Amino acid sequence: MLHGFIRGLDKFLVAVFSKTKVYGRENIPDGNVVFVCNHMSIPDAFINFAVLPPKTHFMAKKEWFNNKFVGWLLGKIQVFPIDRGKVDLKSIRHACEILKNGNNLCIYPQGTRCREPEVKIEQMHKGIGMIALKSNSTVVPLMFNSKPGLFKKNILFVGKPIDTSEFDGKWSGSELQTRFTEKVAQEMNALLESQRKLLK
């Protein structure tokens, strides 16, 4: 009940204060989906919380959970912590369970806010490969056209599911996860470039 109330409030505030245009809503599939999004500001998390299906869970840096009340509230709206300083196997296992139960997961694979909308492969965390491949999930890229903010026009692109058939039946191995992460980064940037051209 609390999740639904906060999500409704968030959708109202996003509609009033952010003026966000979403392109490609029809690309959001049913089933267990890993949404991967570029990360440039705090408002982008609020926008995704409003736009994505209600069964979507979110990863957030563990520091947000240092305050007990904030941590409790985040848990109620399907946000869970991850330690960005190491391979956080506990959080990765939790993420896989979320997906195996038919829910969605939104990840910011860069792990921190960046100035440019394009993602760089060296910024990407390999854990996304372990999560997506081990849970046999569909991966859908999300890209903000520029830094999202309040009182401005924001644009969010939703891409079609990434073809990961070359990785079917595989999930372990550093090299494999590196290749998977590189492919995801390339597809995210390709989505941004193609949609920008369509808007010109």
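**Exercise 1. Is H57 buried or exposed, judged by its relative accessibility?**

Before the solution, a note on the model is in order. This is a predicted model, in which local features need pLDDT of at least 70 and side-chain atom pairs count only at pLDDT 80 or more, while totals for chains, interfaces and linings use all residues. Residues are numbered from 1 along each chain as its sequence is written, and side-chain values use heavy atoms, with hydrogens and water left out.

Step 1. Locate the residue: H57 belongs to strand β3, where strands (E, at least two residues) and helices (H or I, at least four) are DSSP runs numbered from the N terminus.

Step 2. Apply the cut-off: buried means under 20% relative accessible area, exposed over 50%, and partly exposed in between, with a 1.4 Å probe and protein chains only. The relative accessibility of H57 is 16%, so H57 counts as buried.

Step 3. List the surroundings, taking contact as heavy atoms within 4.5 Å. With neighbours within four places in sequence set aside, H57 is in contact with Q78, F80, I98, N103, N104, L105 and C106.

**Exercise 2. Describe the order of the strands in the sheet and find its edges.**

Step 1. Two strands pair if DSSP finds at least two bridges between them. Seven strands form an open sheet with mixed pairing, in the order β1-β7-β6-β2-β5-β3-β4.

Step 2. The edges are taken by β1 (20-23) and β4, each of which has a single partner strand, so one side of each is left without a neighbour in the sheet.

Step 3. Direction ignored, neighbouring strands of this sheet are turned by 25° against each other on average; axes here are lines fitted to C-alpha atoms, for helices over the stretch in contact, and angles run from 0 to 180 degrees between N-to-C directions.

Step 4. Two helices can now be placed on the strands. α2 lies across β1, β2, β3, β5, β6 and β7, and runs at about 130° to β6, whereas α4 packs on the sheet by touching β2, β3, β4 and β5, with a direction that makes about 150° with that of β4.

**Exercise 3. Show how β2 is enclosed, and name its bridge partners.**

Step 1. Five of the five residues of β2 are buried, so β2 is largely enclosed by the rest of the structure.

Step 2. In a regular strand the side chains alternate between the two faces of the sheet. In β2, V33, F35 and C37 lie on one side and V34 and V36 on the other, and all are buried, which leaves both faces covered.

Step 3. β2 pairs with β6 in the parallel sense over five bridges; V33 stands opposite T138, and the bridge partner of V34 is V139.

Step 4. β2 also pairs with β5 in the parallel sense, over three bridges, and here F35 stands opposite C106.

**Exercise 4. Place L52 and identify its contacts.**

Step 1. L52 sits in the loop between α2 and β3, and at 1% relative accessibility L52 counts as buried.

Step 2. Apart from neighbours within four places in sequence, L52 is in contact with R7, I28, F35, F58, C106 and L142.

Step 3. Measuring from C-alpha to C-alpha, L52 and N104 are 9.0 Å apart in space, although 52 residues separate them in sequence.

**Exercise 5. Determine how far α5 is enclosed, and by which elements.**

Step 1. Of the eight residues of α5, six are buried, so α5 is largely enclosed by the rest of the structure. These buried residues are I128, G129, M130, I131, A132 and L133.

Step 2. Their cover includes β2 (33-37), β3, α4 (89-100), β5 (104-107), β6 (138-144) and α6.

Step 3. Just after α5, N136 takes a positive phi of about 55°.

**Exercise 6. Describe the lining of the second largest pocket.**

Step 1. On a 1 Å grid over the protein atoms alone, a pocket is an open set of points where a 1.4 Å probe fits, with protein on both sides within 12 Å along at least five of seven lines, and lining residues have an atom within 4 Å of a point. The second largest pocket has a volume of about 200 Å³, a volume being the space filled by probe spheres set on the points, which are joined across faces, edges and corners.

Step 2. Of the 16 lining residues, V158, G159, K160, L191 and Q195 are the closest to the centre of this pocket.

Step 3. β7 (154-158) and α6 (174-199) each supply at least two residues of this lining, and α6 gives the most, with five residues.
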